[in-house]
Amino acid sequence: MIAALKGKIFEKENGKILLDVKDVIYEINVSLLTFSNAKDGIYYITEVIKENEYTLYGFLDKNEKKLFDTLIKLNGVGPKVALAICSTFTPEEFVDIISNNDINTLKKVPGIGPKSAKRILMEMGDFEIGNINPIQNQAITALENLGFKKAEIMKAINGIEGSLEEVIKEALKRLSG
């Protein structure tokens, strides 16, 4: 099983990158987010193996890979729809959509109708990203009570350590500009 590939971009085309890993070129399907930020380095890989097909999906962000991996385990959601979701929303935005039970926003993804959106929201209800410690959890709740959206908060608290007061103070600085 391939967990990650480290290499240089050989070529970018049609939502795929060709990654040169020590003179072996891998074709990797990527989301629009990863495609637009594609660079030499490490790509976290998910392998999808079917009867007549072996496909690699790559992500620069571990949370995006986690979102993709969780989505493809759902009944009726294949890699193409999962990649479309990852191309439309960041993991933080997706967590916000789940927490707000926002069916209309999820329906904007090509290939997702009202029934699929409702089912995805229901089955993904407990999806979380990153490694959030208890202090960060308390800070998230406090910042949500101040009216900030969860997706914004998740970006703002990323990498902040310290007491609850310090985390909230630094997150507020980041959220205000």
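User: How much surface does the protein expose, and what share of it do carbon and sulfur atoms supply?

Analyst: Accessible areas are found by the Shrake-Rupley method with a 1.4 Å probe, and for residues only the protein chains shown count as cover. Here the protein exposes about 10300 Å², and carbon and sulfur atoms supply 50% of that area. This is a predicted model, in which local features need pLDDT of at least 70 and side-chain atom pairs count only at pLDDT 80 or more, while totals for chains, interfaces and linings use all residues. Residues are numbered from 1 along each chain as its sequence is written, and side-chain values use heavy atoms, with hydrogens and water left out.

User: What percentage of the residues in the protein is buried?

Analyst: Buried means under 20% relative accessible area, exposed means over 50%, and partly exposed lies in between (1.4 Å probe, protein chains only). Of the 177 residues in the protein, 40% are buried. The C-alpha atoms fill a box of roughly 50 × 40 × 25 Å along the principal axes.

User: How many helices and strands does the protein have?

Analyst: Helices (H or I, at least four residues) and strands (E, at least two) are DSSP runs, numbered from the N terminus. The protein has nine helices and five strands. Along the sequence they follow the pattern β-β-β-α-β-β-α-α-α-α-α-α-α-α.

User: In what order do the strands close into a barrel?

Analyst: Two strands pair if DSSP finds at least two bridges between them. Five strands close into a barrel in the order β1-β2-β3-β5-β4, with mixed pairing. Neighbouring strands of this sheet are turned by 55° against each other on average, direction ignored. For such angles, axes are lines fitted to C-alpha atoms, for helices over the stretch in contact, and angles run from 0 to 180 degrees between N-to-C directions.

User: Which residues stand opposite each other where β1 pairs with its neighbours?

Analyst: Strand β1 (residues 4-13) runs antiparallel to strand β2 (residues 16-21), and five bridges join them. Glu11 stands opposite Leu18 in β2, and Glu13 stands opposite Lys16 in β2. β1 also pairs with β4 in the antiparallel sense, over four bridges. In that pairing, Ala4 stands opposite Tyr44 in β4.

User: What is the sign of phi at Asn14 and at Lys22?

Analyst: Most residues other than glycine have a negative phi. Asn14 has a positive phi, near 45°. Asn14 is in the turn of the hairpin that β1 and β2 form with two residues between them. Lys22, in the loop between β2 and β3, also has a positive phi, near 50°.

User: Are Asn14 and Lys22 buried or exposed?

Analyst: Asn14 is exposed, at a relative accessible area of 74%. Lys22 is exposed too, at 79% relative accessibility.

User: Which strands does helix α2 lie across, and which does helix α3?

Analyst: Contact means heavy atoms within 4.5 Å. Helix α2 (residues 62-72) lies across β4 (41-50) and β5 (53-59), at about 10° to β4. Helix α3 (residues 79-88) lies across β3 (24-30), β4 and β5, at about 15° to β5.

User: What share of the contacts joins residues at least 24 apart?

Analyst: Among contacts between residues at least 6 apart in sequence, that share is 48%.
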